[in-house]
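Grab a viewer and work through these exercises with the coordinates open. Each one gives a task, then a solution in steps.

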Amino acid sequence: MRELGYFFSGLRGKTKNDFSNGNVKYISYKNVFHNMEIDTENITSFVKVGANENQNQMEYGDVIFTGSSETPEDCGMSSVVTDEVNHALYLNSFCFGFRFNNSYQFYPKFLKHYLRSKHFRKQIKKSVSGVTRFNISKQRFAKIRIPMPPMSQQIMKASILEEFDTLINDLSMGLPAEIKSRKKQYEFYRDKLLTFKEKPSEH
């Protein structure tokens, strides 16, 4: 990944008062952890940011990862900015972002599924360390390999998985057993579709 982009931090130097009297939106830890993609239009978390502050703003194609957790399995959960960002939008201080050097090298809706696939999550676990609280090592994280399939293939695979995702959401008011079954089906096909043979040209 270090050859494809760079990491950036969330909000810095903020106090409790900054979050009780906010003037701009920010993406919360919970938003990242529970969602594969960020809904940039319906964010309800606000923080106060001055005009001259040097804070990182979110952009289309950015990937957000949770930095730490109580269990290694929950570290490095990802969420992708899949829409153009037309307003100031920041990231909470408990997560970190990754920005590709070329934001159009990957299809964001492909990334949102791939970065939560079994193969990628297995690589993330190797970058986690800790005892009672587990943290991501960005140095090891930067060595994670990610495939770069042709854009047409990314779009095709994302389209199939988006249909599954829509079906699961449509069933959100259904029977728990049926929802669980659909989620398992989605995870099975996701991991099958998003398993790539490594080649020397891949990063």
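Keep in mind throughout that this is a predicted model.

**Exercise 1. Place Asn-31 in the fold, and decide whether it is buried or exposed.**

Step 1. Find the element: Asn-31 sits in helix α2, which covers residues 29-34.

Step 2. Check the accessibility. The relative accessible area of Asn-31 is 17%, and the cut-off for buried is under 20%. Asn-31 therefore counts as buried.

Step 3. Look at the neighbours. Leaving out residues up to four places away in sequence, Asn-31 touches Ile-38, Ile-43 and Ser-79.

Step 4. Try a long-range distance too. From Asn-31 to Met-148 the C-alpha to C-alpha distance is 27 Å, with their positions 117 residues apart in sequence.

**Exercise 2. Work out which way the residues of helix α4 face, and what its buried residues pack against.**

Step 1. Sort the residues. In α4 (residues 118-125), the buried ones are Phe-120, Arg-121, Gln-123 and Ile-124.

Step 2. Look down the axis of α4: the buried residues fall within an arc of 155°, so they line one face of the helix.

Step 3. Recall some helix geometry: an α-helix has 3.6 residues a turn, so residues three or four places apart point the same way.

Step 4. Turn to the other side of α4, where Lys-118 and Lys-122 are exposed.

Step 5. List the packing partners. The buried residues of α4 pack against strands β4 (63-66), β9 (128-130) and β10 (134-136), and against helices α3 (108-114) and α5 (138-141).

**Exercise 3. Take the open sheet that contains β2, and find the strand order and the direction of each pairing.**

Step 1. Write down the order: the 3 strands run β3-β2-β7, with mixed pairing.

Step 2. Deal with the edges. β3 (46-47) and β7 (89-91) each have a single partner strand, so one side of each is left without a neighbour in the sheet.

Step 3. Take the β3 side. Strand β2 (residues 24-27) runs antiparallel to β3 and is joined to it by 2 bridges. Val-24 stands opposite Val-47, and Lys-25 has Phe-46 as its bridge partner.

Step 4. Take the β7 side. Here the strands run parallel, and 3 bridges join β2 to β7. Ile-27, for one, is partnered with Leu-91.

Step 5. Check the side chains of β2. Val-24 and Tyr-26 point one way, Lys-25 and Ile-27 point the other way, and all are buried.

**Exercise 4. Describe the largest pocket and the second largest cavity by volume and lining.**

Step 1. Start with the largest pocket, which has a volume of about 690 Å³. Its lining holds 24 residues, and those nearest the centre are Met-36, Arg-116, Tyr-186, Glu-187 and Arg-190.

Step 2. Ask which elements contribute. Two or more lining residues each come from α2, α4, α6 (151-170) and α7 (176-193). The largest share, 5 residues, belongs to α7.

Step 3. Classify the pocket lining: 13 charged, 6 nonpolar and 5 polar residues.

Step 4. Move on to the cavities. There are 2 of 30 Å³ or more, and the second largest holds about 30 Å³ of space.

Step 5. Go through the lining of that second largest cavity: Gly-61, Phe-100, Asn-102, Ser-103, Gln-105, Phe-106, Pro-108 and Leu-111. By class this gives 4 nonpolar, 4 polar and no charged residues.

Note on methods. Residues numbered from 1 in each chain as written. Predicted model: local features only at pLDDT ≥ 70, side-chain atom pairs only at ≥ 80, totals over all residues. Heavy atoms only, no water. Buried < 20%, exposed > 50% of the residue type's maximum accessible area, 1.4 Å probe, protein only. Helix = DSSP H or I, 4+ residues; strand = E, 2+ residues; numbered from the N terminus. Arc of directions from axis to C-beta. Contact = heavy atoms within 4.5 Å. Pairing = 2+ DSSP bridges. 1 Å grid on protein atoms, 1.4 Å probe; cavity = no way out; pocket = protein on both sides within 12 Å on 5 of 7 lines; lining within 4 Å. Points joined across faces, edges and corners; volume = space filled by probe spheres on them. Nonpolar A, V, L, I, M, F, W, Y, C, P; charged D, E, K, R; others polar.
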